[in-house]
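These are my notebook entries from reading one structure. I record what I looked up and what I found.

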Amino acid sequence: MATRPVSTLIDQHERIVDGLEAGDLDRAVTFLREHLRAVFEDVQRIREAAPELFSDSGSGERPRRRADRAW
């Protein structure tokens, strides 16, 4: 399972801020949407690879961290 490197996420944040600083709301919104799509794709990949990290039961039980997996 491959997720995006942190540097990619930082670049995405910088593009969003650059759009805001330039007063170009449309550009900032476009970059924000791209970023959120990427994050949701990563979350889905993680959910598929390690479903025990997610709970739909509302039980409040926290997942246990496994030493054999690196994110």
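**Entry 1: Overall content**

I began with the secondary structure and found 2 helices and 0 strands in the protein. I note here that the model is a predicted one. I then looked up burial for the whole chain: of the 71 residues, 14% count as buried. The protein exposes about 5,800 Å², and carbon and sulfur atoms supply 53% of that area. I also looked up how contacts are spread along the sequence. Among contacts between residues at least 6 apart, 40% join residues at least 24 apart.

**Entry 2: Helix H2**

I turned next to helix H2, which covers residues 25-49. H2 has 25 residues and reaches 36 Å from its first C-alpha to its last, close to the 36 Å expected at 1.5 Å a residue. Which residues of H2 are buried? I listed Ala28, Phe31, His35, Ala38, Asp42 and Ile46. These buried residues pack against H1.

**Entry 3: A buried residue of H1**

From the side of helix H1, I selected Gln12, which is found in that helix. Its relative accessible area is 10%, and because buried means under 20%, Gln12 counts as buried. I then looked up its contacts, leaving aside its neighbours within four places in sequence. Gln12 is in contact with Arg4, His35 and Ala38. Two of these names, His35 and Ala38, I had already entered among the buried residues of H2.

**Entry 4: Salt bridges**

I looked up charged pairs next. Side chains of opposite charge can pair when their charged atoms come close. The structure holds 4 salt bridges.

Arg4 forms one of them with Asp42, and the closest N and O atoms are 2.9 Å apart. Arg4 lies in the segment before helix H1 (6-21) and Asp42 lies in helix H2, so this pair ties together parts that are 38 residues apart in sequence. Are the two partners buried or exposed? Arg4 is partly exposed, with a relative accessible area of 24%, whereas Asp42 is buried, with a relative accessible area of 7%.

Another salt bridge joins Glu34 and Arg15, with the closest N and O atoms 3.1 Å apart. Glu34 is in helix H2 and Arg15 in helix H1, so the pair ties together parts that are 19 residues apart in sequence. Glu34 is partly exposed at 34% relative accessibility, and Arg15 is partly exposed at 34%.

**Entry 5: A shared partner**

I returned to Asp42, since I found a salt bridge from Asp42 to Arg45 as well, with the closest N and O atoms 2.5 Å apart. Both residues lie in helix H2, 3 residues apart, which is about one turn of the helix. An α-helix has 3.6 residues a turn, so residues three or four places apart point the same way. Arg45 is partly exposed, with a relative accessible area of 28%. Which residues are joined into one network by salt bridges that share partners? I recorded Arg4, Glu41, Asp42 and Arg45.

**Entry 6: A nonpolar patch**

Last, I looked up the nonpolar surface. Leu32, Leu36 and Phe40 make a nonpolar surface patch of about 280 Å². Leu36 has its place in helix H2. Its relative accessible area is 37%; because a residue of a patch must have over 30%, Leu36 meets that cut-off. Leu36 is partly exposed.

Technical notes:
Residues numbered from 1 in each chain as written. Predicted model: local features only at pLDDT ≥ 70, side-chain atom pairs only at ≥ 80, totals over all residues. Heavy atoms only, no water. Patch = residues over 30% accessible without salt bridge, like charges linked within 9 Å, V, L, I, M, F, W, Y side chains within 5 Å. Areas by Shrake-Rupley, 256 points an atom, 1.4 Å probe, with all protein chains shown as cover. Salt bridge = Lys/Arg side-chain N within 4 Å of Asp/Glu carboxyl O. Helix = DSSP H or I, 4+ residues; strand = E, 2+ residues; numbered from the N terminus. Buried < 20%, exposed > 50% of the residue type's maximum accessible area, 1.4 Å probe, protein only. Contact = heavy atoms within 4.5 Å. Expected span 1.5 Å × (residues − 1).
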